[in-house]
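This report covers the core, some single residues, the salt bridges and the main pocket of one protein chain. The structure is shown first.

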Amino acid sequence: PMLGQVFRVLTFRDYSFSDQVKIVDVKVPRIEGDAGWTREVNETIAAVMDQVVAQAEAQAEQYYDAYLQTGGLPESFAPVEIVVDYEVKFIDEQYLSFIVEKYDSITASSYERFFYNFDASDGRALGLADFYGEDWREAIAEKVRKGLEKLGDDQKALLFEGTDILSL
């Protein structure tokens, strides 16, 4: 994807390997362009992804060791799958938004998302306050309330009662 013919999001590093303990498949994104801010952002993303993968690999090794210590046989161990990938969500002359996702098969809670949203003019990281103002929590909660009001009774029956939207 191109940003005003100035920026692209490309795969910076792409590698796969496997052993008895893990199957690893990693794609790390890189913002390519003429702006000075991209180098620092790319270094940060690469460092975060290196740390996330190293932690997942260490967890896989600990999981394997625990499996063996509790009587599991090495030949019956199912390797832990570790996947890191990214997806560009939005790109135009003003904004760049993408997500890096990490999954490993040890537990369902081992799914992480890293959100990257930038003002393309200066590389400033953007948050919800940039789009909805300082009261962004209330603004979004109101949008959710209005959306819930439009639901039919059968759909509302599937929701938890008494949930405070602002506490989510």
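**Contacts of Ile23**

Two residues are in contact when heavy atoms of theirs lie within 4.5 Å. The model to which this is applied is a predicted one. Leaving aside neighbours within four places in sequence, Ile23 is in contact with Phe17, Ser18, Pro79, Val80, Glu81 and Ile82.

Ile23 belongs to strand S3, which covers residues 22–32. A relative accessible area of 39% makes Ile23 partly exposed, because the partly exposed class lies between 20% and 50%. Ala60 is 37 residues away from Ile23 along the chain, and the C-alpha atoms of the two are separated by 9.8 Å.

**The nonpolar core**

The largest nonpolar core has 28 residues. Within this core, the residues with the most contacts are Ile31, Met49, Phe98, Val100, Tyr116 and Phe118. Two or more residues each are given to the core by strand S2 (7–18), S3, H1, strand S4 (80–91), strand S5 (95–104) and strand S6 (111–119). H1 provides the largest share, 9 residues.

Val100 illustrates the surroundings of one such core residue. Apart from neighbours within four places in sequence, Val100 is in contact with Pro29, Met49, Val84, Asp85, Tyr86, Glu112, Arg113, Phe114 and Tyr116. Two of these partners, Met49 and Tyr116, are themselves listed among the core residues with the most contacts.

**Thr38 in helix H1**

Thr38 is placed in helix H1, which runs over residues 37–69. With a relative accessible area of 6%, Thr38 is buried, since the buried class ends at 20%. Not counting residues up to four places away in sequence, Thr38 touches Phe7, Ile31 and Gly33. Ile31 is also one of the core residues with the most contacts.

**Salt bridges**

Side chains of opposite charge can pair when their charged atoms come close. The model holds 12 salt bridges, and three of them are described here. How exposed are the partners in each?

In the bridge between Asp104 and Lys102, the closest N and O atoms are 3.0 Å apart. Asp104 is buried at 0% relative accessibility, and Lys102 is likewise buried, at 4%. Elsewhere, salt bridges with shared partners join Asp19, Lys22 and Glu61 into one network. Within that network, Asp19 pairs with Lys22, and their closest N and O atoms are 2.7 Å apart. Asp19 is partly exposed, with a relative accessible area of 33%, whereas Lys22 is buried at 5%. The pair Lys89 and Glu87 has its closest N and O atoms 3.4 Å apart. Here Lys89 is partly exposed at 47% relative accessibility, and Glu87 is partly exposed at 40%.

**The largest pocket**

Rolling a probe the size of a water molecule over the atoms shows where empty space is left. In this model the largest pocket holds about 240 Å³ of space.

The lining of the largest pocket is made up of 10 residues. Leu148, Leu159, Phe160, Thr163 and Ile165 are the lining residues that lie nearest the centre of the pocket. Sorted by class, the lining has 6 nonpolar, 2 polar and 2 charged residues.

How values were computed:
Residues are numbered from 1 along each chain as its sequence is written. This is a predicted model: local features need pLDDT of at least 70, side-chain atom pairs count only at pLDDT 80 or more; totals for chains, interfaces and linings use all residues. Side-chain values use heavy atoms; hydrogens and water are left out. On a 1 Å grid over the protein atoms alone, a cavity is a set of points where a 1.4 Å probe fits but cannot get out, and a pocket is an open set with protein on both sides within 12 Å along at least five of seven lines; lining residues have an atom within 4 Å of a point. Grid points are joined across faces, edges and corners, and a volume is the space filled by probe spheres set on the points. Ala, Val, Leu, Ile, Met, Phe, Trp, Tyr, Cys and Pro count as nonpolar, Asp, Glu, Lys and Arg as charged, and the others, Gly among them, as polar. Helices (H or I, at least four residues) and strands (E, at least two) are DSSP runs, numbered from the N terminus. Buried means under 20% relative accessible area, exposed over 50%, partly exposed in between (1.4 Å probe, protein chains only). A salt bridge is a side-chain nitrogen of Lys or Arg within 4 Å of a carboxyl oxygen of Asp or Glu. A nonpolar core is a set of buried Ala, Val, Leu, Ile, Met, Phe, Trp, Tyr and Cys residues joined through side-chain atoms within 4.5 Å.
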